[in-house]
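Here is a set of short exercises on one protein model. Work each one with the structure open, then check the solution below it.

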Amino acid sequence: MKKLVLPLSLVVPMLIFSQNRKRDTAEKVTDIEAVVFQKKVVGRTNDITNVRISAKDAQSVASISGGIEGLLKTLPSVNSNTELSSQYMVRGGNYDENLIYINDIEIYRPFLIRNSQQEGMSIINPDMVSAVNFSAGGFEPKYGDKMSSALNIYYREPEKFELSGEASLIGGRLTAGLASKNKKLTALFSGRYRNTNLVLNTLNEDTDFNPTYWDFQSYINYHFNDKFSMSFIGYYSKNDYEMVPKAKSVTFGSLNQPITVNIGYRGQEQDMYKNMMGTFSMNYKPSDKWKLTLDSFAYQNREKEYYSISSGYEIQTFDPVTQSPNPSFDGGGQIEHARNDLFVRTYGTQFRAKFSPNINTDIEVGFKYEKENLNDNTNEWKLVDNVGYSIPRPIDDPRTGGTGDLNLFYHIAGKNTIEPSRLSAYAQYSQKFYWGASKVFVNAGARVSNWSFNKETIFSPRFQFAIKPDWDTDMLFKLSGGVYYQAPFYKEIKDLDGNFNSNIKSQRSMQLILANDYEFYMYDRPFKLTTEAYYKKMDDLIPYYMDNVRIRYSGKNNASGYAYGIDTRLFGEFVPGVDSWLSASYARVYENIDGRGDIPRPTDQRFRFAMFYQDYMPKFPSMRVNLTLVYAMGLPNGAPVFTDPYQYQRTLPSYKRVDLGLSKVFIDSKDKKNRSGFWGNFEELTLGVQVFNAFNINNTVANQWITDYNTNVMYPVPVRLTGRFFNVKLEFKL
């Protein structure tokens, strides 16, 4: 296998200039109508930045957060430092900068989630997925106003009756599919349940967890004829998170100066997140050249975050020479309290039209209207107390007789209700043609959007260009970019006092991406080496703090920044018949707040390496294995909320993790063996063992800051992630 390892950061520029033509130019020009770069399949897209993810691989991958996102996190452009969350960061962006669509309808994530263990399941159900399209930047105009990435999921239509399910130590699912004899009516229903209590018990702390997550989804289609059809997607989910912390002990620092913090707790946390979504679509195709779609959608989110937790801590230091504990220790305590309620409702309609005068040309336009209702009640505060006096405190020293006031470390309070509307439209043109003997693809257009809350109109031109030279070596060169905005919503408009800022503006990113795809055969197996270099110039940025997985924005457009990097992925059949890949990237992102100079943003990724590998036993192909490996340098998101990020540049440790999935396939749908009796009812039957965090590495997701009352020094206490966990999973399909 060592022979398969290539220098991933090289494109071999000599190949660009040393290729011979395959055949005469005149012969190619006569076949203009036959220019086809991709087959017509479900979820077909003209976006040249698109990466297609296998739905089958997503079902088999060993992942706590979710199959689709679990695979996305192995791509070179995607970063995440927690396995408990399905959220991800792309090329220096944060969790809020990613678009997610199901069947071309934009969906939303919960907004108040603060810790990754609160999040539960991803809204994307891998068992219902037909196609997955992902773009890490430079995406086409039909996608909305976000600065980082676009993920578009297409659900499938069953062809016959089916019943499949999964049962494991942390949950299960049951999916049923129906189809009429003439296939005019198809329906897919799926319910999932998960309780990650056993996984969270691998955390190195004494805490009672009771997290329960469940959801139900449906996808119903009715085809009146070949030209007209209607479809409905329904979604309901409810996450309940209960936590009663008791005690924990954390050792950190360095070998020369180790520090141990012992913390005791009182209180509890009870959170509830309830999401509902419904979309109704009508599709009309009067001819092969026209396709018209009218979507109506509604989304509602109800979130409650209630906690009152007091803690007392003791800081123990050690002698750097003898490593024995020092006779004196520091102590303190704090109280964290929140009663946060959020209600979000959005509804509207969108119209899309696609005209294809020939097989090589597409013209698309769309219009969207949204009405939004946000009702936010926030009451959140933190008290930091040492030897009876709160921090911050007056200059007077209480040990000399001065009196200290009871000041809260922070207090966020606000009652906000708004009902704005949002209008957007786009138009784009796609063309495939020959330039001499080379295949060329062009996609260009623009979108415009207006939001009544801040009375801002934004205009976003975008372009994509690709050329496939007529060389013996199969190479494709791509250039894409444009102006991309981060249209503000609930999180961006809320300042650190808890109020909505109507003067907030959209953040802007000007992007340029240069890419190369090199396809080749090695050992008679196909491989593809993809390399992308990018640069982003950003302005009107809103500085933010990373509070575990919650983004807290400052509510001011007072920063600018830039990002650059290079991504590379080697994709192919390392083992015959199954896909695997290696990914590597180097990325930097900086910001300049109020003209004070460039500092790394909290999502500054630097170097990252990931791998997704699949294998099977040659003599026993029913024995299968998949492995995901991630190494990512630590993020500089250690600055505590309400502090000066120029004074707190604390980098987290590197994130290292290996997840392993082992399975035995007892019945395979590809196997044509005749079975009778009970086993004859099964189309698929698999028993597997998943090993999460196989090497039991103590990763860190964030810092909890505590204060030494003698020196007022703030110590970053690591917040650890989960340890090794063995999960048993049974999958079946009737």
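Buried residues make up 56% of the 734 residues in the protein chain; buried means under 20% relative accessible area, exposed means over 50%, and partly exposed lies in between (1.4 Å probe, protein chains only). The model is predicted, so local features need pLDDT of at least 70 and side-chain atom pairs count only at pLDDT 80 or more, while totals for chains, interfaces and linings use all residues. Residues are numbered from 1 along each chain as its sequence is written, and side-chain values use heavy atoms, with hydrogens and water left out.

**Exercise 1. The whole chain**

Task: Find how many helices and strands the protein chain has, then describe its contacts and its surface.

Solution:
- Step 1. The protein chain has 6 helices and 36 strands. Helices (H or I, at least four residues) and strands (E, at least two) are DSSP runs, numbered from the N terminus.
- Step 2. Take the contacts with a separation of 6 or more: 68% of them join residues 24 or more positions apart. Contact means heavy atoms within 4.5 Å.
- Step 3. The accessible surface is about 31,500 Å², and carbon and sulfur atoms hold 57% of it. Areas come from the Shrake-Rupley method with a 1.4 Å probe; for residues, only the protein chains shown count as cover.

**Exercise 2. Strand β27 and its partners**

Task: Is strand β27 largely enclosed or open, and why? Then identify its pairings with β24 and β28.

Solution:
- Step 1. Strand β27 covers residues 559–575, and 12 of its 17 residues are buried, so the rest of the structure largely encloses it.
- Step 2. β27 pairs with β24 (residues 525–541) in the antiparallel sense, over 13 bridges. Two strands pair if DSSP finds at least two bridges between them. Tyr-534 has Gly-565 in β27 as its bridge partner.
- Step 3. β27 also runs antiparallel to β28 (residues 578–593), joined by 15 bridges. Here Tyr-562 stands opposite Tyr-590 in β28.
- Step 4. Look at the turn. β27 and β28 form a hairpin with 2 residues between them, and Gly-577 in the turn has a positive phi of about 95°.

**Exercise 3. Salt bridges**

Task: How many salt bridges does a search of the whole structure find? Place the pairs of Arg-91, Arg-114 and Arg-601.

Solution:
- Step 1. The search finds 36 salt bridges. A salt bridge is a side-chain nitrogen of Lys or Arg within 4 Å of a carboxyl oxygen of Asp or Glu.
- Step 2. Arg-91 bonds to Asp-567 in a salt bridge, with the closest N and O atoms 2.9 Å apart. The pair links distant parts of the chain: Arg-91 is in the loop between β3 (89–90) and β4 (98–102), Asp-567 is in strand β27, and they are 476 residues apart. Both Arg-91 and Asp-567 are buried.
- Step 3. Arg-114 and Glu-305 meet at 3.0 Å, N to O. Arg-114 sits in the loop between β5 (105–106) and β6 (129–135), and Glu-305 in strand β14 (residues 290–317), so the pair ties together parts 191 residues apart in sequence.
- Step 4. Check burial. Arg-114 is buried at a relative accessible area of 10%. Glu-305 is buried at 0%.
- Step 5. Arg-601 and Glu-591 form a salt bridge at 3.1 Å, N to O. Both are buried.
- Step 6. Now trace the network: salt bridges link Arg-114, Glu-269, Glu-305, Glu-380, Arg-550 and Arg-552.

**Exercise 4. An open sheet**

Task: Which strands stand at the edges of the sheet that includes β6 and β7, and why?

Solution:
- Step 1. The open sheet has 5 strands in the order β1-β6-β7-β4-β5, with mixed pairing.
- Step 2. β1 (50–53) and β5 stand at the edges with a single partner strand each, so one side of each has no neighbour in the sheet.
- Step 3. β1 and β6 run antiparallel, joined by 4 bridges. Arg-52 has Asn-133 in β6 as its bridge partner.

**Exercise 5. A nonpolar patch**

Task: Which element gives the most to the nonpolar patch?

Solution:
- Step 1. The surface patch is about 760 Å², and its residues include Leu-662, Leu-687 and Phe-726. Patches use residues with over 30% relative accessible area and no salt bridge: like charges are joined within 9 Å, nonpolar side chains (Val, Leu, Ile, Met, Phe, Trp, Tyr) within 5 Å.
- Step 2. β32 (655–667), β33 (684–692) and β36 (725–733) are the elements that give two or more residues. β36 gives the most, with 3 residues.
- Step 3. Leu-687 is in strand β33. Its relative accessible area is 38%, so Leu-687 is partly exposed.
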